[in-house]
Structures are given as structure tokens and as C-alpha cells.
Amino acid sequence: MTTTLLAAEELNPLVPHTVEIIVGLIAFALLFLLLRRTVFPQFEKIYAERTDKIEGGLKRAEEAQQEADELKRQYEEQLAGLRAEAARIRDDARAEGQQIKAELRAQAEEEAARIRQRGEEQIAAAREQAVRQLRGEVGGLSVQLAERLIGESLADDARRSATVDAFLAELDGLAERRESAPAGGAS
């Protein structure tokens, strides 16, 4: 029976021998200590480096995003400033154009007034000259007519001038009566 028991204990594959358990625990403890001293610190170091890289990368990405946002904000501010400047320049150009237009209009009106004045002066001078010329011709003709009617010569300048002036005054009076007669007769 003891042999069967021994044989039965050795043949049970589910229950390990105590020596094997002790040797396995010692080997496991030695392997664990060896790994803990050499390999685990390397794993921890690599893990820390990767964590740093990831966190640093995320931090750098956040910083880059913030920097990009700041640059975008500055760009938008500059763009808004440039738009405002362009609007101000446009308004200034419009105002300057209106001012130039007003100045040119004023200059043109002044020039037209000068031309009109010069024309009126020329017309007045031409009228005065025509009146003088006509007075001279009418005076000469009236002297000739008076000499024929009177039968004496009007050689004296004072006499001739008085006769011409009297005749012209009479003609002026006739012209004024003709001008006022239709106006009075139409009423």
C-alpha cells in the first residue's frame, strides 16, 4: 500500500512537488529582482520619455495653436485697420474730388462772368463808337441840310456845333416819343 501511495503521489500531475514549488519561487524571486533592477527602470525611463514626448507634443501643439490664434487675431485686427484706412482714404478722395469739382465750377463761373463782362464792355464800346460815328455823320448831313435850307454857310464851329446839338436833341425827343407812344396806347 505504501508503494501504491507513493506511486499515486508521484503520478498525480495536478499537484506539484514541494521542491519544485520552492525552486520555482526562488527562481521567480531572483528573476523578479533582476528584472526590477535592470529592465523595469529602463521601461519606466522609456515610459517617462514617451509620456514627456506626448505631453510635450500636446503642450507644444497647444502653444502653437495659441500662437496661431494670436497671429490670426493680429492679422484680423490689421485687416480691419487696413479696411478702415482704405475707407478713410476713399472718403478723403471723394471729399477732395468734390472740393476740386467745386473749385473748377467756381473758376468756370468766374471765367464766364469775366467773359460776359468783357463782352458787355465791348458791346458798350462798339455802341458808343457807333453812336459817335452816327452823330458825326448825322451832324454832317444836318449841317449840309441846314445850309441848304437857310441858304447861308455854317462855317463857324460854334454855330455849327449848336445847330448839330439842337438837331440831335430834337431827334432824340422824337425817338423817345415814338417809344413811349405805343406803350401808352396799348394800355
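## What the exposure words mean

A residue counts as buried when its relative accessible area is under 20%, as exposed when it is over 50%, and as partly exposed in between. Take Arg-73: its relative accessible area is 36%, so Arg-73 is partly exposed.

## The chain at a glance

What you have here is a predicted model. Going along the sequence, you'll meet the pattern α-α-α: the secondary structure is made up of three helices and zero strands. Helix H2 covers residues 18-150.

How much of the chain is buried? Out of its 187 residues, just 4% count that way. The accessible surface adds up to about 16500 Å², and carbon and sulfur atoms account for 59% of that surface.

## A nonpolar patch

Five side chains are worth finding on the surface: Phe-28, Phe-32, Leu-33, Phe-40 and Phe-43 make a nonpolar patch of about 510 Å². Leu-33 sits in helix H2. With a relative accessibility of 45%, Leu-33 falls between the 20% and 50% cut-offs, so Leu-33 counts as partly exposed.

## Salt bridges along helix H2

The model has six salt bridges in total. Let's walk through some of them, beginning with Arg-73. Which residues does Arg-73 pair with? One partner is Glu-70, with 2.2 Å from N to O. Another is Glu-77, where the closest N and O atoms are 2.3 Å apart.

The spacing along the helix is worth a look too. Glu-70 and Arg-73 are three residues apart in helix H2, so about one helical turn separates them. On the other side of the sequence, Arg-73 and Glu-77 are four residues apart in helix H2, again about one turn. Glu-70 has a relative accessibility of 33% and so counts as partly exposed; Glu-77, with a relative accessible area of 47%, is partly exposed as well.

Further along, there's a salt bridge between Arg-114 and Glu-111, with the closest N and O atoms 2.4 Å apart. Arg-114 and Glu-111 are three residues apart in helix H2, which means they are separated by about one helical turn. Both are partly exposed: Arg-114 is at 42% relative accessibility, and Glu-111 has a relative accessible area of 32%.

Back to the earlier trio: through salt bridges that share partners, Glu-70, Arg-73 and Glu-77 are joined into one network.

How values were computed: Residues numbered from 1 in each chain as written. Predicted model: local features only at pLDDT ≥ 70, side-chain atom pairs only at ≥ 80, totals over all residues. Heavy atoms only, no water. Helix = DSSP H or I, 4+ residues; strand = E, 2+ residues; numbered from the N terminus. Buried < 20%, exposed > 50% of the residue type's maximum accessible area, 1.4 Å probe, protein only. Areas by Shrake-Rupley, 256 points an atom, 1.4 Å probe, with all protein chains shown as cover. Patch = residues over 30% accessible without salt bridge, like charges linked within 9 Å, V, L, I, M, F, W, Y side chains within 5 Å. Salt bridge = Lys/Arg side-chain N within 4 Å of Asp/Glu carboxyl O.
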